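The exercises below are meant to be worked through with the coordinates open, and each task is followed by a solution that goes step by step.

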Amino acid sequence: MTTRMVGAPVARSEDPRLLRGEGRFLDDLGHDAYQVAILRSPHAHARILDIDVTDALEVDGLIAIHTFEDLPPRLQQPMPLLIPHPALTAGRTQYVLADGEVNHVGEAILMVVATDRYAAEDAVERITVDYEVLPAVVGPENALAAAQFVHEEIPDNVAAHLQQTIGDAPRAIAAAPHTLEFRLDIERSASTPMETRGTYARWDADDRRLRLYTSTQAPTSVRAAVASFLELPLAQVECIAPDIGGGFGVKIMHPWPEEILVPWVARELGHDIKFVEDRREHFISSNHERAQVQWITVGFDDAGRVLGLDVRFIHDHGAYIPYGLIVPIITSTQLIGPYKLENYRVTFDSVYTNTVPVTPYRGAGRPQGCFAMERTIDRIARHLGLDRTQVRGVNFLQPEELPYDFGLTFQDGRPYCYDSGDFPASLAMLKTLIDWDGFEQRRAAAAAQGRIIGIGMAAYVEGTGVGPYEGGHVLVEPGGKVQVATGLSTQGQGHQTAFAQIVADQLGVAFEDVEVVTGDTRRFQYAVGTFASRAAVMSGNAIHLAAVKVREKALKLASDALEVDVEDLELAEGRVRVVGSPDTSIDLKVLATLSNPLRYAFDDSARIATQFATPADPDAPPVGDDEAPGLEATDYYSPVRSTFANGMHAVEVEIDPETSDIRILDYAVVHDCGNLLNPTIVKGQVLGGVAQGVGGALYERMAYDDHGQLQNASFMDFLIPYATEVPAVRIDHLETPSPLNPLGIKGAGEAGVIPTSAAIAAAIEDATGIVIDAMPISPSQLHERRLARPVTAGEGTP
């Protein structure tokens, strides 16, 4: 019997090639291409008065210099606002090259093309730009105060104001026995993938076709954008995402200016062109995320039950808003977490600042929302002197209440409705995994040794599998291999493995015989992209549906060939065979040949499909009505709404009494993403997310000064956790299948990062007794607060 693959911890098939150094990343391509360098603004806000390129013209190897004035009319239009929204009344996007004004340090002003990058950079250094420096707006509160303007035509610096409500939160809070009001801050951070952005273009003048390689999470969308800006038919543009060294959201933004400029110049010059971003460029010109200021008002009863919650926050989206309101909408809805809130009001302003624009970074608004809700629950518990898990328990939605529609609108424009989950069961599993009830004994033992330890937890719900659709194509070749293609791209998620497992199960073939291609518009032209923990849900189910069609076609072909009813057949070991009589069978590769009636026998195996090989019904066409040649199928999966994964994290930390250094002692995760396609891959996703979450909680912050200058635009100054700072993580899974898709799965890609800051903040607060209301927090910041309010070893949260 063929071993069932879905649900098995299959080793990732893509890893051996990458570990041998055989990856094919963007900068491995186009060694003979001309290279591009970009002159970027050194000022956060300035008018461009003059550009003098005279000295640059002497650089050996210089090919071309282009400013805004050199661009054709279509490229002088603003970049697209990708996701419009009715509340986004003052949306502004950048130009591919600045049109007379720059609005953040790092904004592109001009492009240099040279025979190599060295010459291009030399030319950039010789170009002189005269600026009129303007006042910079830095920080969300300064933006809302509007003493200065980022864009003159937007005098309040507000791009959007949005409010959503459930019930009557102000009235419920006013009538509650207990109320709390407080402020929370989350600082700006960024994706910082190992591989920066890059684009390589080849123009074929004879065929008038453009091939574009780019490190993107959305190749089909980049293709459409490039075709639009270059005014080419879509059929003449190919876009391929090669191996990508991490994305984490920054590469879902598209098109980047270079993704338009590079193919345009390739066509203009008739030569291959390549751009690869350097690390400083990534810090100052690739988008950031996270920065929010939040104000919470909550009313609750003696048991800690939330009676009303009123949240207001400012979202800093930077100098432009190309990705719309997705991040703050996610914060405003996902903030609710696993709790039943009957009275909730959330209001946000999304504001312009003279800083790098903000678009989704792994978690995409969810860590901020989780921080708000979980810090609220912890404050309620502290105020009432109750165990923090007890307060969570009284507020949980119960499993029998699901599906549960909150009456809000989610980021996909669909109802905010939880499809499945069992939050009380997850909490019970987490308490066992971390030994929550035994912690006070551990605290006492540590205190006896002069050590300070604390414990914290956080719960979250994650909207995954966002629409509108993805597709999949499955083809059985006459040689027996199975080819699978889907349009979204891969940045290390293990798609080739998980998607092959799905197909291997449906077709009864060996896992090794399934080959998966992603992110290549030559193979699959319609797709949306890789983001929002959606690849497995969307492409996984699309591929499953396509494989089911292929299975049905194979069974019908075999039924005709073997003269056996379809119901009496099964697929296993690469064959269709009679149930109970496995020797009566036909190979799948033979069926692939038979599925394509041939006139010409190009090899011996093809002879069986030619017109004189076998008797045929003279009154029936070789290809029947509603049929197509080939043992293949394409299908699409388009959900009515998102699926909602969930989970809970718990962490123990130790605080050094002398230095306030923060060390993670233990970390536990309970995760529910429905049916597991591959437990090993899900574990890897969770571990990677926790690592980034630790960075966001303790290390990573984009530090701007009052003039809009980024103070830590290098890995010397922008701290990320090493392997020594990332804890060992113990993981347990709860599987509550989603009723919304055939595979019963929910996404897992962002789960690890969402609650980490909230859980670590709770543990630090528990250890020190000092309220933690801003993240990330460094040892020096914690030390200053401890000096202001000393605590003794073992002192912490009730």
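## Exercise 1: Charges over rings

Task: in this predicted model, find the ring over whose face Arg74 lies, and give the distance from the ring centre.

Solution. Arg74 lies over the face of Phe229, and the distance from the ring centre is 4.0 Å. A further case is Arg312, which is placed over the face of Trp295 at 4.3 Å from the ring centre. For the cut-off, CZ of Arg has to be within 6 Å of the ring centre and within 35 degrees of the ring normal.

## Exercise 2: Aromatic pairs and a cluster

Task: state how many aromatic pairs the structure holds, and then work out the geometry of the pair formed by Phe68 and Tyr95.

Solution. Begin with the total, which is 18 aromatic pairs. One of them is formed by Phe68 and Tyr95, with 5.6 Å centre to centre and 85° between the planes, and it is edge-to-face, because planes over 60 degrees apart are counted in that class. Next, locate the two residues: both Phe68 and Tyr95 lie in the loop between strand 3 (62–66) and strand 4, so the pair ties together parts that are 27 residues apart in sequence. Then turn to accessibility, where Phe68 is buried with a relative accessible area of 8%, whereas Tyr95, with 25%, is partly exposed.

A second pair to examine is Tyr416 and Tyr418, which is also edge-to-face, with 5.3 Å centre to centre and 70° between the planes. Here Tyr416 counts as buried at 0% relative accessibility, and Tyr418 is buried at 1%. Finally, follow the ring pairs outward: they link Tyr416 and Tyr418 into a cluster with Tyr339, Phe396, Tyr404, Phe406, Phe410, Phe423 and Phe644.

## Exercise 3: Two hairpins

Task: which residue is the bridge partner of Tyr404 in strand 19, and which residue in the hairpin of strand 18 and strand 19 takes a positive phi?

Solution. Strand 18 (residues 404–409) and strand 19 (residues 415–418) run antiparallel and are joined by three bridges. Within this pairing, the partner of Tyr404 is Tyr418. The hairpin has five residues between the strands, and Gly413 takes the positive phi, near 75°.

Task: trace the partners of strand 10, beginning with strand 13 and ending with strand 11.

Solution. Strand 10 (residues 198–204) is mostly covered, since five of its seven residues are buried. With strand 13 (residues 273–276), strand 10 pairs in the antiparallel sense over four bridges, and Gly198 stands opposite Val276. With strand 11 (residues 209–214), strand 10 again runs antiparallel, joined by six bridges, and Ala201 stands opposite Leu212. Strand 10 and strand 11 form a hairpin with four residues between them, and Arg208 in the turn has a positive phi of about 50°.

## Exercise 4: An open sheet

Task: what is the strand order of the open sheet of three strands, and which are its edge strands?

Solution. The order is 4-2-6, and the pairing is antiparallel. The edge strands are strand 4 (101–102) and strand 6 (128–133), each of which pairs on one side only. Strand 2 (residues 46–52) is joined to strand 6 by six bridges, and the bridge partner of Arg47 in strand 6 is Glu132.

## Exercise 5: Helices and a distant approach

Task: is Val682 buried or exposed, and which residues does Val682 touch beyond four places away in sequence?

Solution. Val682 lies in helix 16 (residues 679–698). Its relative accessible area is 8%, so Val682 is buried, the limit being under 20%. Val682 touches His671, Cys673, Leu676, His733 and Ala748, with residues up to four places away in sequence left out of the list. Lastly, Val682 and Pro9 are 673 residues apart in sequence, while their C-alpha atoms are 9.4 Å apart in space.

Task: compare the span of helix 14 with the expected value.

Solution. Helix 14 (residues 535–562) has 28 residues and reaches 38 Å from its first C-alpha to its last, which is close to the 40 Å expected at 1.5 Å a residue. Glu563 follows helix 14 and has a positive phi, near 55°.

Key. Residues numbered from 1 in each chain as written. Predicted model: local features only at pLDDT ≥ 70, side-chain atom pairs only at ≥ 80, totals over all residues. Heavy atoms only, no water. Buried < 20%, exposed > 50% of the residue type's maximum accessible area, 1.4 Å probe, protein only. Contact = heavy atoms within 4.5 Å. Pairing = 2+ DSSP bridges. Expected span 1.5 Å × (residues − 1). Phe/Tyr/Trp six-rings, centres within 6.5 Å; stacked < 30°, edge-to-face > 60°.
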